[in-house]
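Thanks for asking me to look this over. My notes are below, as numbered points, and they start with the protein interface before turning to the DNA.

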2 protein chains.
Amino acid sequence: MFDPQCPTRQLLDRIGTKWTSMAVKVLAEAAPHEVRFAELRRRMPGVSQKMLSVTLHSLIRDGLAARRVEPTVPPRVHYQLTDLGSSLEVPLAALRTWAEEHMAQIDRANATSDAQANPADRA
Amino acid sequence: MFDPQCPTRQLLDRIGTKWTSMAVKVLAEAAPHEVRFAELRRRMPGVSQKMLSVTLHSLIRDGLAARRVEPTVPPRVHYQLTDLGSSLEVPLAALRTWAEEHMAQIDRANATSDAQANPADRA
DNA sequence: CGGTATCCCCCTAGATACTG
DNA sequence: CAGTATCTAGGGGGATACCG
């Protein structure tokens with residue numbers, strides 16, 4: 001965007017999209033087994049068919065996931081993380097842990113700010 | 001969004017915004033010293049006055065940064081990470097390291113995908 | 001079953017201008 | 001110096017419908 005040499009911004013643009021990090025998580029939890037499209041959908045509550053498809057294809061484009069199709073009728077499509085995807089899961093898991101431990105604190109900070117900005121709201 | 005119990009999504013919604021992670025990084029690098037608004041702007045190439053202001057205020061709302069105003073004319077405003085913000089810097093730094101080590105691989109994967117999708121583009 | 005195609009809304013973030 | 005206010009385009013992502 002402003003500096004193509006900032007890989008962190010590029011990475012966050014990818015894992016920051018709504019479903020990407022969750023897809024990586026689900027695929028990482030299932031590893032070393034593959035996961036089918038419908039199973040992924042089931043494990044990602046709220047995702048639409050379209051957004052799951054878009055998310056998976058971007059993971060594949062980025063070399064983070066691999067796709068395998070069984071040429072049956074109807075077809076069975078399987079996904080799994082690549083080695084690159086698995087390596088990303090490491091720092092991502094650290095971020096998840098931080099989130100689980102500290103998001104409540106962030107929520108509290110927001111509540112405090114709101115209370116100070118609009119004291120009447122506490123009525 | 002779909003599940004308020006997913007703290008990771010909430011966290012990514014914050015650090016995924018364009019300037020947040022960079023602001024955290026600059027503040028972390030300067031720590032334990034404070035950083036003034038103009039200095040932050042200088043160290044974040046491309047950020048507009050408005051977006052820096054918005055970014056900093058969201059960090060403050062979230063309890064990740066603190067603001068100190070010297071009541072002079074013109075005013076001097078100083079920012080620094082809170083303890084919570086500093087703790088976030090740890091997993092964020094891990095993500096940055098991963099990005100620096102592997103984004104080139106992701107770029108290569110994209111180039112390969114493009115070449116396979118549009119072979120004519122290689123002309 | 002596992003997708004694509006189409007439409008549309010909203011929010012992020014940039015440009016610009018003004019202020020205590 | 002350090003902001004806020006206003007306007008706007010652009011893209012993310014949801015709903016729906018159709019397809020191999």
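How many residues of chain B are in contact with chain A?

1. Chain B puts 42 residues in contact with 42 residues of chain A, where contact means heavy atoms within 4.5 Å. Please keep in mind that this is a predicted model, in which local features need pLDDT of at least 70, side-chain atom pairs count only at pLDDT 80 or more, and totals for chains, interfaces and linings use all residues. As for conventions, residues are numbered from 1 along each chain as its sequence is written, chains are lettered from A and ligands numbered from 1 in the order in which they are written, and side-chain values use heavy atoms, with hydrogens and water left out.

2. About 3,800 Å² is buried between chain B and chain A, and carbon and sulfur atoms give 67% of that area. Buried area here is the accessible area (1.4 Å probe) that two parts lose on being put together, summed over both. On the chain B side, B:Arg61, B:Leu95 and B:Trp98 supply 17% of what the chain buries against chain A, more than any other three residues.

3. Which elements of chain B give two or more residues to the side that touches chain A? They are α1 (7-15), α2 (20-30) and α5 (83-117), with helices taken as DSSP runs (H or I, at least four residues), strands likewise (E, at least two), and both numbered from the N terminus. The most comes from α5(B), with 20 residues. By type, this side of chain B holds 21 nonpolar, 12 polar and 9 charged residues; Ala, Val, Leu, Ile, Met, Phe, Trp, Tyr, Cys and Pro count as nonpolar, Asp, Glu, Lys and Arg as charged, and the others, Gly among them, as polar.

4. Between chain B and chain A the count of salt bridges is 0, a salt bridge being a side-chain nitrogen of Lys or Arg within 4 Å of a carboxyl oxygen of Asp or Glu. Polar contacts, on the other hand, join 10 residue pairs across this interface, both residues at pLDDT 80 or more. A polar contact is a pair of N or O atoms within 3.5 Å; within protein, one must be able to donate a hydrogen and the other to accept it, and residues adjacent in sequence count only if both atoms are side-chain atoms.

5. Now to DNA strand C, which 19 residues surround, the closest being A:Ser53, A:Arg67, A:Tyr79, B:Lys18 and B:Lys50. A residue is near a strand if one of its heavy atoms lies within 4 Å of it. Of the strand C atoms within 4 Å of the protein, 61% belong to sugar or phosphate and the rest to bases. Phosphate oxygens of strand C lie 2.3 Å from a polar side-chain atom of B:Lys18 and 3.0 Å from one of B:Trp19. The largest share of this surface, 4 residues, comes from α4(A).

6. What about DNA strand D? Among the 19 residues around strand D, A:Lys18, A:Lys50, B:Ser53, B:Arg67 and B:Tyr79 come nearest. Sugar or phosphate accounts for 65% of the strand D atoms within 4 Å of the protein, and bases for the rest. A side-chain N or O atom of A:Lys18 is 2.3 Å from a phosphate oxygen of strand D, while a backbone N or O atom of B:Ala38 lies 3.0 Å from a phosphate oxygen of this strand. Here α4(B) gives the largest share of the surface, 4 residues.
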